[in-house]
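Good morning, and thank you for coming. I should like to walk through one structure with you, beginning with its sheet and then turning to the helices. Please have the display in view.

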Amino acid sequence: MTEATPERTVRLRATLDSIPRYVAGKPAAEEPGRTTYKISSNENPYPPLPSVLQVVQDAMLTMNRYPDMGTVALRDAIAKHFGVHADEVATGTGSVGLLGTLLQITCEAGDEVVYAWRSFEAYPIVVGLSGATGVQVPLDGESRHDLSAMADAITDCTRLVIVCSPNNPTGPAVRAAELEEFLDRVPSDVLVVLDEAYLEFNRDTDAANALAVWRSRPNVAVLRTFSKAYGLAGLRVGYCIAHEQVASALRTAAVPFGVSHVAQQAAIASLAAYDELDERVQALVAERDRMLIGLRDLGYPVPDTQANFVWLPLGDKTLDFAAAAEAAGVVVRPFAGDGVRCSIGEVEATDRLLEVAKSWSSRASR
């Protein structure tokens, strides 16, 4: 008889005990005789453009080879598209991958990172893993960043500030005037990251122009992704536009070969096809507005949104609404105790959600 191997316990970082686990949007379960919809992950509901898909298929033929570690062609394409220099561009595995690297190049143990809350749920995870301490500043009564309070929260220990615009999961964008006033109060050696994952959906004429701000502020970096408007969520590719000191450090600290050849080629092709992609973005914005107006007409206090989702601040009724939606065949993203985020998907998904919202509201008011 073989003796049992004695249990051995390795020593892991204590910080893991305090880091929340990322909760991905729940997929919609298939049901016989009924179409179900997943609007829980802020995904682009459209399939890849044929031109992009062809590039992806061609790129897969050489997947036995390592990708270009410097992502030179992709950085050149991004630089040309946005009128910056390639040395001011860094790429990574989605914007969240780049954020993790930004924390690595700015923060030591005991440093502080200031960000709004509720905001992107990956923030406390990547901040905690960096060894830094997260300083969460509550949103204001309109589900917006309270930039004045965020400025007040900056201390001598602050090394990085994250501003998410439009904010995930609530939707509002940061306005130009308030951002400039905020940045005037941020010490020049503190990096401010403008996280614009949903930039392409923003129609707020008062919103900040992140690239213009970046050009005038040496301590600002702009974080973006190909996951949302470009529809490349499954390929994991994002980019950061930063001044050369920061961009160079990002490339130095990057995981070698992190962005695959397929992802690089798909992103380049997507930039080339942006006019065609923008037609889809326009359609999603129109559908977003239909969902927003429909929910407000039903009496829901939905805040402004400039992203590809709508926020329902339902508080302790959040899980009840999410369960009702799932039972009706449309899966949303609940944040227990706070609210529900509803991504913009198919027209039929919006119809289904509005039906749920109407019936749930009627039941809840009894």
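Let us begin with the sheet of this predicted model. Seven strands make up an open sheet with mixed pairing, and their order across the sheet is β2-β8-β7-β6-β5-β3-β4. The edges are taken by β2, residues 89–92, and β4, residues 133–138. Each of these two has a single partner strand, so one side of each is left without a neighbour in the sheet. From one strand to the next, the twist averages 25 degrees.

One pairing can be examined in detail. Strand β7, residues 220–225, runs antiparallel to strand β8, residues 238–241, and four bridges join the two. Within this pairing, L223 stands opposite C240 in β8.

I now turn to the helices that lie on the sheet. Helix α2 lies across β2, β7 and β8, and its direction is at about 125 degrees to β2. Helix α4 lies across β3 (112–117), β4, β5 (158–164) and β6 (191–195), and runs at about 170 degrees to β3.

Next, the packing between helices. Two packed helices are described by the angle between their axes and the distance between those axes. I shall give both quantities for two pairs.

The first pair is α2, residues 72–82, with α9, residues 261–272. Their axes are 9 Å apart and the packing angle is about 20 degrees. How are α2 and α9 oriented to each other, roughly parallel or roughly antiparallel? Angles under 35 degrees count as roughly parallel, and α2 and α9 are therefore roughly parallel to each other. The crossing of α2 past α9 is left-handed. On the α2 side, the contact is made by A73, L74, A77, I78 and H81; on the α9 side, by Q264, A267, I268 and L271. Sorted by class, this contact has seven nonpolar residues, two polar residues and no charged residues.

The second pair is α3, residues 94–106, with α4, residues 123–130. Here the helices pack at an angle of about 35 degrees, with their axes 9 Å apart. The crossing of α3 and α4 is right-handed. Which residues meet in this contact? From α3 they are V96, L99 and L103, and from α4 they are Y123, V126, V127 and S130. By class, the contact of α3 with α4 comprises six nonpolar residues, one polar residue and no charged residues.

To close, I return to α4: this helix packs with α3 and also lies across β3, β4, β5 and β6. Likewise, α2 packs with α9 and lies across β2, β7 and β8. Thank you for your attention.

How values were computed
Residues numbered from 1 in each chain as written. Predicted model: local features only at pLDDT ≥ 70, side-chain atom pairs only at ≥ 80, totals over all residues. Heavy atoms only, no water. Axes fitted to C-alpha atoms, helices over the stretch in contact; angles between N-to-C directions. Left-handed = near helix turned anticlockwise from the far one by under 90°. Contact = heavy atoms within 4.5 Å. Nonpolar A, V, L, I, M, F, W, Y, C, P; charged D, E, K, R; others polar. Parallel < 35°, antiparallel > 145°, perpendicular 65-115°, else oblique. Pairing = 2+ DSSP bridges.
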